[in-house]
Amino acid sequence: MSSEANDDSVDGNGGNGSRPESPVLPGAPSAPTDGMPTSSQPPKEVDDVMYSDIGINTLLNRLKQSIASARDYAAFLKKRSTLEEDHATGLKRLAKLQIETIKRNESRGGSYAGRLSEVMRVHERMADNGMQFALSLHQMHEDLNELSNNMERGRKQWKHDGLDAEKRASDAEAAMHKAKSRYDSLAEDYDRARTGDTKGSRRIGLKGPKSAEQYESDLLRKVQAADADYEEKVRLAKAQRESLLRSDRPKAVRALKELSRECDSALTLQLQKYATFNEKLLLGNGLAVSPLNGENAAQKSMRDVIYEIDNDRDFHSFVGSYAGKVTRPSEITYEKHPTLAPKTQQPSNRSVSAGAGPASPPPQQPSLSATSGPVSQPTSMSSRYAAQPPGPTVAPSQPQQYQQQPAPPAAFQTQTAPNLYQPQAQQTQYSQQPLQSPQGLPDRSYQSPAFGERPTREAYVATPPYPTHPSERTVGYPPQQTTGSVTSPVQQNAFNNQAPRSAGPGPMSPSQQQRLPPLRPVFGVSLEDLFHRDQTAVPLLVVQCILAIDHFGLEVEGIYRLSGTSSCVNKLREKFNHDPNGVEFRNPANFYHDVNSVATLMKQFFRDLPDPLFTKAGYRGFIEAARVEGEDARRDAMHQQINDLPDPNYATLRALVLHLHRIMQYERINRMGASNLALCFAPSLMGTHTGAQIADASLQARCVDTILNNATAIFDED
């Protein structure tokens with residue numbers, strides 16, 4: 001509104017721009033009766049400002065502030081909701097992970113596991129409370145956003161309507177003032193013409209100079225027209241002013257005031273809800289941690305739950321659970337060696353048959369290990385064979401002093417001399433000695449209806465019958481003294497450069513190339529049956545194949561990836577099925593100088609097992625362990641599954657893994673790392689990819705790869 005409107009006194013209101021005194025606007029608040037403003041009645045100065053020329057602009061600015069405050073608080077609620085949601089999600093995930101960790105065998109059980117599970121469930125309830133709080137804040141954020149958008153639309157509408165009414169009144173008053181100026185100017189000219197003061201006036205018309213009478217009459221006519229126009233403009237300005245003061249301005253003021261009040265009230269309500277939700281969250285978490293006594297007597301506080309942990313009872317329960325595995329010490333007796341007994345007392349040879357009594361004599365084969373230290377540790381990280389006498393069980397790439405190993409238990413002691421062969425009849429008595437577990441070891445013996453009672457892995461102690469240092473790997477293959485082993489006649493004659501007395505493992509003549517009958521089959525026989533029949537922890541075929549590859553195949557590129565000659569593999573297969581004790585791979589001529597055929601033969605052996613090396617019963621456990629993402633956690637899970645394998649499977653897997661670990665040391669030459677070896681062996685060790693196992697192919701390879709990369713950690717190799 002221009003300043004000229006304040007000088008106009010045509011409307012009779014003094015021209016001060018204030019609202020009229022007489023009209024009572026509908027819905028307009030009345031002045032307080034006692035002269036003091038109340039919460040529902042604004043002060044008189046506030047009322048004067050709202051209904052003045054600057055009232056609409058003032059209310060528009062106030063509404064703009066309310067909308068900005070609502071949007072700022074909505075943004076705060078959104079950020080707080082995100083933080084609470086992340087916190088609740090993380091807390092619940094952590095509680096579930098801790099509950100799963102409690103269920104593992106590595107953690108304590110008993111009252112500790114039960115009470116800690118209850119504590120974790122309290123954390124889950126706290127996480128649920130936090131999630132509800134986050135959802136409530138998010139809803140408040142949405143409500144405030146919707147409110148601010150509605151307020152912004154109302155503000156724009158009333159800004160247009162209110163300011164448009166103000167502009168119409170202002171324009172009418174400006175036109176009135178312009179007409180008044182023109183009317184005053186013409187009136188002054190007419191007064192000068194009438195009084196004869198024509199100085200400076202223009203009397204020249206279109207037809208020449210005008211006379212005084214003509215000039216005066218023209219001015220009179222113009223003054224009358226200007227007076228009529230001015231009077232009309234005053235009437236219009238008064239009408240616009242009346243409309244503005246009585247209708248347009250009060251309506252806009254009332255609407256803007258209501259919008260501001262609605263926005264402010266909604267924001268205050270959301271603040272109250274925020275305070276209530278905070279109190280509810282804290283109260284819910286407090287009741288979850290420490291319930292009220294009268295609310296639920298069955299629910300205990302977190303402190304009471306933790307106080308119920310009984311460490312002594314848990315300790316006694318854990319140790320007492322092993323009471324059934326305690327074995328009595330074996331009786332110490334003197335037993336004369338069968339070689340010193342008279343010949344008349346030597347029993348005759350006995351062959352293995354189903355349901356027979358004693359088993360056949362144990363062949364003189366080594367178990368497989370890379371060191372002379374203890375073997376794998378169980379879940380508690382103690383040695384799997386803590387009481388086993390130390391001794392090497394795999395042909396290592398470093399020299400080992402096998403002649404200085406401690407003597408085995410009495411049941412396995414034997415005296416041998418270099419190049420001395422003991423007849424089978426003498427070994428029979430040796431094999432009939434009672435097989436007892438060492439003191440302090442759990443009884444893990446097996447019963448088989450086909451082969452009778454068999455020894456445990458702990459009772460088996462032997463040393464490798466092959467050279468361990470590169471300097472010993474000579475062409476002549478000198479004889480080697482080992483504790484607990486007997487030199488075969490084939491080895492004796494080979495060392496003395498004599499022809500063997502029976503068909504040896506060397507090249508066969510045409511008359512000997514007939515198919516050999518499977519007298520003692522190796523392929524397609526379970527590891528348990530081989531363990532019982534041959535009384536060796538590791539099958540004879542696996543021992544010989546590892547011996548050959550350790551001596552002649554570590555630097556062969558693509559070992560286990562390249563296939564051998566099928567004819568050579570079939571001949572070697574027939575030899576082992578005929579008499580596994582008669583096969584000797586120290587001489588490369590015995591496997592036709594084709595080390596790849598030896599590798600293929602061993603893979604065929606594992607592939608033909610009725611029950612894979614990683615047993616069918618434990619298959620799911622290995623696959624689930626392979627799914628674990630963390631390297632350390634996956635190694636520990638795999639270690640637990642390996643410790644749960646039967647004794648023959650464990651010993652065979654240990655020998656194979658340490659052998660493959662030695663191959664990995666030559667990866668720069670043979671191009672066979674852990675991943676390549678895992679791809680080659682996974683189908684043979686875990687079962688062929690048929691049916692549902694096809695989808696597990698990558699997990700099978702990952703399982704073997706994890707074991708190979710952690711061979712020394714799982715099997716305690718120094």
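The expected span of a helix is 1.5 Å times one less than its number of residues. In this predicted model, helix H12 (residues 595-607) fits that rule nicely: with 13 residues, H12 runs 19 Å from its first C-alpha to its last, close to the expected 18 Å. H12 is also well wrapped up, since 12 of its 13 residues are buried and the helix is therefore largely enclosed by the rest of the structure. The buried set takes in polar residues such as Asn596, Lys603 and Gln604 alongside Val598, Leu601, Phe605 and others. Among the elements covering these buried residues are helix H9 (527-534), helix H10 (540-552) and helix H11 (566-578), together with H15 and H17. At the N-terminal end of H12, Asp594 acts as a cap, with a side-chain oxygen 3.3 Å from the backbone nitrogen of Asn596.

Two of the buried residues of H12, Phe605 and Phe606, also turn up in the largest nonpolar core. That core has 68 residues, and Phe605 and Phe606 are among those touching the most other members, along with Tyr560, Phe585, Phe614, Ile642 and Ile663. Helix H15 supplies the largest share of this core, 10 residues. Leaving aside residues up to four places away in sequence, Phe614 touches Phe622, Leu653, Leu685, Met686, Cys703, Val704 and Ile707. A second, separate core holds 28 residues, including Tyr51, Leu59, Met151 and Ala255. As a rule, nonpolar side chains in soluble globular proteins tend to be buried together.

Three of the Phe614 contacts, Cys703, Val704 and Ile707, bring us to H18, where those residues are buried, as are Leu699, Gln700, Ala701, Thr706 and Leu708. The cover over the buried part of H18 includes helix H13 (619-626), helix H14 (631-643), helix H15 (647-664), H17 and helix H19 (711-714). The length of H18 checks out too: its 13 residues should span 18 Å at 1.5 Å a residue, and its end C-alpha atoms are indeed 18 Å apart.

Asp696 sits in the loop between helix H17 (674-686) and helix H18 (697-709). At 5% relative accessibility, Asp696 counts as buried because the cut-off is under 20%. What does the side chain of Asp696 make a polar contact with? The partner is the side chain of Arg620, at 2.7 Å. Beyond residues up to four places away in sequence, Asp696 touches Tyr619, Arg620, Ile623 and Arg627.

Turning to charge pairs, the structure holds 31 salt bridges. In one of them, Arg241 pairs with Glu173, their closest N and O atoms being 2.1 Å apart. This pair ties together distant parts of the chain, with Arg241 in helix H4 (residues 212-289) and Glu173 in helix H3 (residues 110-195), 68 residues apart. Both partners are buried: Arg241 has a relative accessible area of 9%, and Glu173 one of 3%.

Other bridges stay within one helix. Arg221 and Asp218 come to 3.0 Å at their closest N and O atoms; being 3 residues apart in helix H4, they are separated by about one helical turn. Asp218 is buried, at 15% relative accessible area. Arg635 and Asp632 form a bridge with closest N and O atoms 3.9 Å apart, and both lie in helix H14, again 3 residues apart, or about one turn. Arg635 counts as partly exposed, at 24% relative accessibility. Elsewhere, salt bridges that share partners join Asp53, Glu166 and Arg249 into one network.

Key:
Residues numbered from 1 in each chain as written. Predicted model: local features only at pLDDT ≥ 70, side-chain atom pairs only at ≥ 80, totals over all residues. Heavy atoms only, no water. Helix = DSSP H or I, 4+ residues; strand = E, 2+ residues; numbered from the N terminus. Buried < 20%, exposed > 50% of the residue type's maximum accessible area, 1.4 Å probe, protein only. Polar contact = N/O pair within 3.5 Å; in protein donor to acceptor, adjacent residues only side chain to side chain. Contact = heavy atoms within 4.5 Å. Salt bridge = Lys/Arg side-chain N within 4 Å of Asp/Glu carboxyl O. Core = buried A, V, L, I, M, F, W, Y, C linked by side-chain atoms within 4.5 Å.
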